[in-house]
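Subject: Structure for you to look at

Hello,

The structure I promised is below. My notes follow it; please read them with the coordinates open.

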Amino acid sequence: MIRLGVPSKGRLMQDCFDWFGARGVMMRRSGSDREYSGVVEGVEGVVPVLLSAGEIPRELAAGRIHLGVTGSDLVREQLAEDEVAEVAKLGFGKADLVIAVPNVWIDVETVDDLDAAAAAFRKVHGHRLRIATKYHRLVREFLQAQGVADYQLVDSQGATEGTVKNGTAECIADITSSGETLRANHLRILSDGLIHSSQAVLWASRMAEWSAEDRAAMEQLAQRLGVRSPF
Amino acid sequence: MTPKAAIRAEGERLLAAFVQAGAVPVEADILQPAGTLLDLYGEDIRARAYVTDDPVRGEMMLRPDFTVPVVQAHMAHGAEPARYAYLGEVFRKQARGSGRASEYLQVGYEVFDRAAPEVADAEVFALFRDLLAGLDLRPVTGDIGILMAAVRGLETSERRKAALLRHVWRPHRFKALLDRFAGRASVPAGRLALLERLKAGSPAQLIAEAGTFVGLRSAEEIATRAEALVADAETPPIRATEAALLYDLLSLEAPAAHALAHLRGITPMLPAIAPAVDRFAARLEALAARGVDVATLAFEASHGRTALEYYDGFVFSFLAEGMPPVASGGRYDALTAVLGAGAFIPAVGGVIRPGLVARLKGALA
């Protein structure tokens with residue numbers, strides 16, 4: 001049986017069910033409202049596993065699910081390139097991981113400016129310029145590739161936009177879709193500060209055991225969904 | 001796979017040779033305070049070192065190298081001159097599938113000596129060469145001091161020189177800055193727009209117009225940098241001839257004796273590098289005195305620029321096909337000043353990986 005991890009609640013779950021439904025694969029939660037179990041109709045050999053979207057990368061990496069729907073930001077942050085294969089971009093759950101600085105930093109428009117500001121900041125304040133984020137790996141890789149120095153990442157698992165006002169960071173790297181929360185917190189995105197364009201993606205685990213039956217079922221599913229098979 | 005006991009025996013052999021050469025054996029803790037290492041290397045080190053949390057001591061790192069603790073110990077209570085040797089595990093995260101070890105032995109030799117730095121450079125290099133003889137390694141040398149002297153000698157603003165010097169170890173950003181300062185790269189549209197706005201009003205006015213003030217970075221700091229941007233826009237580009245010399249220097253790769261002749265040739269046009277070139281010449285003499293053939297020794301002006309950012313003079317590696325550097329080292333005078341709280345002593349040293357030596361010997365046997 002192919003175990004297909006899908007988000008267990010909210011908008012992401014509904015968008016996911018709609019995407020599969022539009023391709024003739026009906027998915028719904030079964031049992032009571034509070035029970036996390038589901039059924040798939042329209043294709044053989046696939047069982048849905050309802051999971052928190054944030055846990056789907058881990059389950060893919062552990063090979064406990066064969067397929068999973070979750071944001072590319074979470075997968076790129078948490079997994080190595082060769083642990084999963086991208087089967088299809090699903091076109092919803094779109095959001096950008098960006099670097100944003102206080103709007104009053106009139107001297108900082110680009111990553112290059114941020115680097116120079118960080119050097120000056122460290123001289124004045126005696127510590128490196130703090131960037132609040134929960135995407136440590138993506139942000140560090142981005143800044144390293146650009147040759148930025150004199151910054152430090154501080155962990156922020158929520159309300160990241162507020163860290164600047166609260167004095168725990170000088171700027172942030174966070175997910176935004178409309179940019180409204182950033183603006184409300186007096187922050188502005190750097191003109192070249194796009195780290196990752198995220199959206200919901202159907203992933204295949206390279207760590208899971210794919211039996212001959214699973215592979216056959218996957219071929220069928222891929223055909224039905226109109227996507228490339230990961231093999 | 002070479003068994004651990006054989007690798008340790010190889011390490012002990014090399015350590016004994018370093019002690020024989022006059023070094024005092026020293027130890028260093030495996031758990032190092034993360035703060036010092038992060039301040040030195042920046043966040044990049046997190047991707048490479050293992051960070052762990054101690055409820056009392058805070059963030060700690062599994063020793064990513066010995067240089068920092070050895071320098072700290074020397075600066076705190078070392079006599080001069082001093083030679084140290086050490087043997088122990090270092091820990092580095094590796095990419096999945098790279099096949100590289102994340103825990104391995106390093107054996108090292110460090111010289112703290114004010115007397116004749118070039119002689120000390122040659123002493124370390126020749127010692128390593130002798131210990132690694134017969135392994136068919138390719139030695140490569142470089143000198144970051146020449147590049148730094150060239151930058152310091154540019155006819156441009158101190159601010160631009162400082163920006164270039166800060167990024168000597170990040171070739172990508174260094175080149176981007178040099179391209180901009182030399183007028184080879186166009187000014188980003190956002191920067192032009194900002195300069196226009198700054199012409200129209202004072203920084204203080206623009207900051208006030210930008211809305212609610214948030215964050216620790218003060219209006220004064222913002223205004224200072226805004227004014228610096230205006231001043232920089234008025235600074236003429238680095239002269240094309242001068243920039244060309246610097247680009248040439250970045251890509252200089254030649255046998256050491258040829259490289260010296262080449263550098264002597266360009267010194268009249270970049271007089272600021274003369275002292276660094278003299279030091280290079282003195283080092284080659286010292287190397288030749290120890291039997292190193294400088295007519296064939298490989299020299300690359302950019303060698304060591306992507307290594308940990310503390311080498312600021314002579315750098316060297318001993319390389320074999322298909323494996324990480326078997327040995328590497330260099331001069332790190334500035335690091336002793338950073339860790340010495342005001343004190344300073346010229347220092348040079350290097351490390352050998354006994355695991356790779358043992359593997360090569362196994363392959364040769």
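In these notes, two strands count as paired if DSSP finds at least two bridges between them. The model is a predicted one, and everything below should be read with that in mind.

Chain A, first sheet

With that meaning of pairing, five strands of chain A form an open sheet in the order β9-β8-β10-β7-β11, and the pairing is mixed. The edges are taken by β9 (151-155) and β11 (187-198) of chain A; each has a single partner strand, so one side of each is left without a neighbour in the sheet. From one strand to the next, the twist averages 25°.

At the β9 end, strand β8 (residues 129-133) of chain A pairs with β9(A) in the parallel sense, over five bridges. To find the place by eye, look for A:Thr133, which stands opposite A:Asp155 in β9(A).

At the other edge, the loop between α6 (180-184) and β11 of chain A holds A:His186. Phi of A:His186 is near 65°, a positive value in a residue other than glycine. Is A:His186 buried or exposed? A residue is buried if 20 or more other C-beta atoms lie within 10 Å of its own, and exposed if 12 or fewer. A:His186 has 19 C-beta neighbours inside 10 Å, so it counts as partly exposed.

Chain A, second sheet

Chain A also has an open sheet of five strands in the order β4-β1-β5-β12-β6, again with mixed pairing. Its edge strands are β4 (46-51) and β6 (84-89) of chain A, each of which pairs on one side only. On average, and with direction ignored, neighbouring strands of this sheet are turned by 30° against each other.

Within this sheet, strand β5 (residues 67-71) of chain A and strand β12 (residues 200-205) of chain A run antiparallel and are joined by five bridges. A:Val69 has A:Leu202 as its bridge partner in β12(A). Helix α1 (residues 10-21) of chain A packs on the sheet and touches β1 (2-7), β5 and β12 of chain A; the direction of α1 makes about 130° with that of β1(A). Helix α7 (residues 212-225) of chain A lies across β1, β4 and β6 of chain A, and runs at about 45° to β1(A).

Chain A, domains

The domain assignment splits chain A into domain 1 (2-94 + 199-225) and domain 2 (95-198). How far apart do the C-alpha centres of domain 1 and domain 2 of chain A lie? The distance is 32 Å. Where these domains of chain A touch, eight residues of domain 1 are in contact with nine residues of domain 2. On the domain 1 side, helix α3 (residues 72-78) of chain A gives the most, with four residues. By class, that side of domain 1 of chain A has no nonpolar, four polar and four charged residues.

Chain B

Chain B has 15 helices and twelve strands. Its radius of gyration is 23 Å, close to the 21 Å that the globule rule gives for 365 residues, so chain B is as compact as a globular protein of that length. Taken along the principal axes, the C-alpha atoms of chain B fill a box of roughly 75 × 60 × 45 Å. Of the 365 residues in chain B, 39% are buried.

Two backbone details are worth a look. The peptide bond from B:Glu80 to B:Pro81 is cis, with omega near -15°, and B:Pro81 lies in the loop between α3 (67-77) and β5 (82-91) of chain B. B:Asp136 has a phi near 60°, a positive value in a residue other than glycine. The loop between α4 (117-131) and β7 (138-143) of chain B is where B:Asp136 is found. B:Asp136 is exposed, with 11 other C-beta atoms within 10 Å.

Where the chains meet

The contact takes 34 residues from chain B and 32 residues from chain A. On the side of chain B that touches chain A, α6 (158-166), α7 (171-181), α8 (189-200), α9 (203-209) and α10 (219-234) of chain B each supply at least two residues. α10(B) gives the most to that side, with five residues. By class, the side of chain B that touches chain A has 15 nonpolar, eight polar and eleven charged residues.

Regards

Notes: Residues are numbered from 1 along each chain as its sequence is written. Chains are lettered from A and ligands numbered from 1 in the order in which they are written. This is a predicted model: local features need pLDDT of at least 70, side-chain atom pairs count only at pLDDT 80 or more; totals for chains, interfaces and linings use all residues. Axes are lines fitted to C-alpha atoms, for helices over the stretch in contact, and angles run from 0 to 180 degrees between N-to-C directions. Two residues are in contact if their C-beta atoms, placed from the backbone, lie within 7 Å. Ala, Val, Leu, Ile, Met, Phe, Trp, Tyr, Cys and Pro count as nonpolar, Asp, Glu, Lys and Arg as charged, and the others, Gly among them, as polar. Domain bounds come from an automatic or database domain assignment. The radius of gyration is taken over C-alpha atoms; the globule rule is 2.2 Å times the number of residues to the power 0.38.
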